[in-house]
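Please open the model in your viewer and keep the sequence panel beside it. The stops below each begin with something to select and then say what is there.

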Amino acid sequence: MLTFFFFLIIVMHSISYFTLLAVTLGFVSLPGASAASAKVYDKCVTPGTFALTFDDGPYKYSWSLAEKLEAEGIAATWFVNGKNWVNVATDKVEVNGEMKTYKQVLQKVHDSGHQIASHTYSHKELAGQSNQVIRREMQKNEDVIRSAIGKRPTFMRPPAGSLDKNVLKVLGSLGYHVVLWDIDSNDWRTHNFESEQKEYKSVLDNESEKGGHIALNHEVYDQTIDELVPWVIDYVKSKNYRFVTVAECLGFPKESAYRN
Ligand SMILES: [Zn+2]
């Protein structure tokens, strides 16, 4: 009888150790122990605020765009990739006759008062991907961003807006807020000024009361930089909106845009 009890105790111990190991390795999630799914936002919560956002960079226009916006008193939000149009870890760009690394470019964008957020490492559409792939895309990008600005972002935008329940679960466990948009310039597709203007006007010219908006643009096209952005600045200001970062437009304190 005593032998049996010892046997039982040993078996129970092994089971609990095995469970502990499995939970630690992420094979099993205990009820109540799993993180909440990431929240998805597509508008600013504060009326009268406007979050201008740029995806797919950094690229050769980032440095001067960051300066230009800062000179206008505008803080924008940049959803960047570690490796998309450029490889941030290895590529360089000429700025005013001087070579800068893309890490220096990200630092410049950050230091100009803008918010840096994640757009995955390699611009991967996340719906349907394994947890491992989703985590790798997010964590590799965090490493790149941290190597440039010394901290990790807590806001992200999924490429192509591609999401599913599992993606939100994994992003939640990594501590991310997910940011979509309510104005889509479609600049990447049309490169057409008139249709881009229409996208903005269809929202801002038809408001019964003032809302808060998140506008999607891409910083990698010269037409966006040269034509669309200057117009957006004047137009949005003429509507008496205040340009803010995504963190601010969603009512978060400024420092919540990053973690160490
Ligand atoms: Zn993108």
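Begin with two helices of this predicted model: select α3, residues 102–111, together with α4, residues 131–149, whose axes lie 8 Å apart and meet at an angle of about 70 degrees. At that angle α3 is roughly perpendicular to α4, because angles from 65 to 115 degrees are counted that way. To see the contact itself, show the side chains of K103, L106, Q107 and H110 in α3, which meet I145, S147, A148 and I149 in α4. Sorted by character, the residues of this contact comprise four nonpolar, three polar and one charged.

Before going further, zoom out to the whole protein, in which nine helices and 13 strands can be picked out. Of its 260 residues, 39% are buried. Among contacts between residues at least 6 apart in sequence, 76% join residues at least 24 apart.

Next, select helix α7, residues 193–204, and helix α8, residues 222–238, which pack with their axes 11 Å apart and at an angle of about 30 degrees. The two helices are therefore roughly parallel to each other, and α7 passes α8 in a right-handed crossing. On the α7 side, the residues to display are F193, E196, Q197 and Y200, and they meet E227, L228, W231, V232 and Y235 of α8. This contact of α7 with α8 divides into six nonpolar, one polar and two charged residues.

Keep α8 on screen and add helix α2, residues 62–71, where the buried residues are S62, W63, L65, A66 and L69. These buried residues pack against α8, against α3 from the opening stop, and against the strands β4 (92–95) and β5 (98–101). Just after α2, select G73, which takes a positive phi of about 75 degrees. Then step back along the chain to the loop between β2 (49–55) and α2, where P58 is found; the peptide bond that joins G57 and P58 is cis, with omega about 0 degrees.

Now turn to the strands, and select β6, residues 115–118. Which residues of β6 are buried on each of its two faces? Q115 and A117 are buried on one side, while I116 and S118 are buried on the other, and both faces of the strand are thus covered. Adding strand β3, residues 77–80, shows a parallel pairing with β6 over four bridges, in which F79 has A117 of β6 as its bridge partner.

From β6, follow the chain into the loop between β6 and α4, where T120 sits. Although T120 is not a glycine, its phi is positive, at about 75 degrees. Is T120 buried or exposed? T120 counts as buried, because 27 C-beta neighbours lie inside 10 Å and the cut-off is 20 or more.

For the last stop, select N186, in the loop between β10 (183–184) and α6 (187–190). N186 is likewise a residue other than glycine with a positive phi, here near 55 degrees. With 16 other C-beta atoms within 10 Å, N186 is partly exposed, whereas T120 counts as buried.

How values were computed:
Residues are numbered from 1 along each chain as its sequence is written. This is a predicted model: local features need pLDDT of at least 70, side-chain atom pairs count only at pLDDT 80 or more; totals for chains, interfaces and linings use all residues. A residue is buried if 20 or more other C-beta atoms lie within 10 Å of its own, exposed if 12 or fewer, and partly exposed in between; C-beta atoms are placed from the backbone. Two residues are in contact if their C-beta atoms, placed from the backbone, lie within 7 Å. Two strands pair if DSSP finds at least two bridges between them. Axes are lines fitted to C-alpha atoms, for helices over the stretch in contact, and angles run from 0 to 180 degrees between N-to-C directions. Angles under 35 degrees count as roughly parallel, over 145 as roughly antiparallel, 65 to 115 as roughly perpendicular and the rest as oblique. Ala, Val, Leu, Ile, Met, Phe, Trp, Tyr, Cys and Pro count as nonpolar, Asp, Glu, Lys and Arg as charged, and the others, Gly among them, as polar. A crossing is left-handed if the near helix is turned anticlockwise from the far one by less than a right angle, and right-handed if clockwise.
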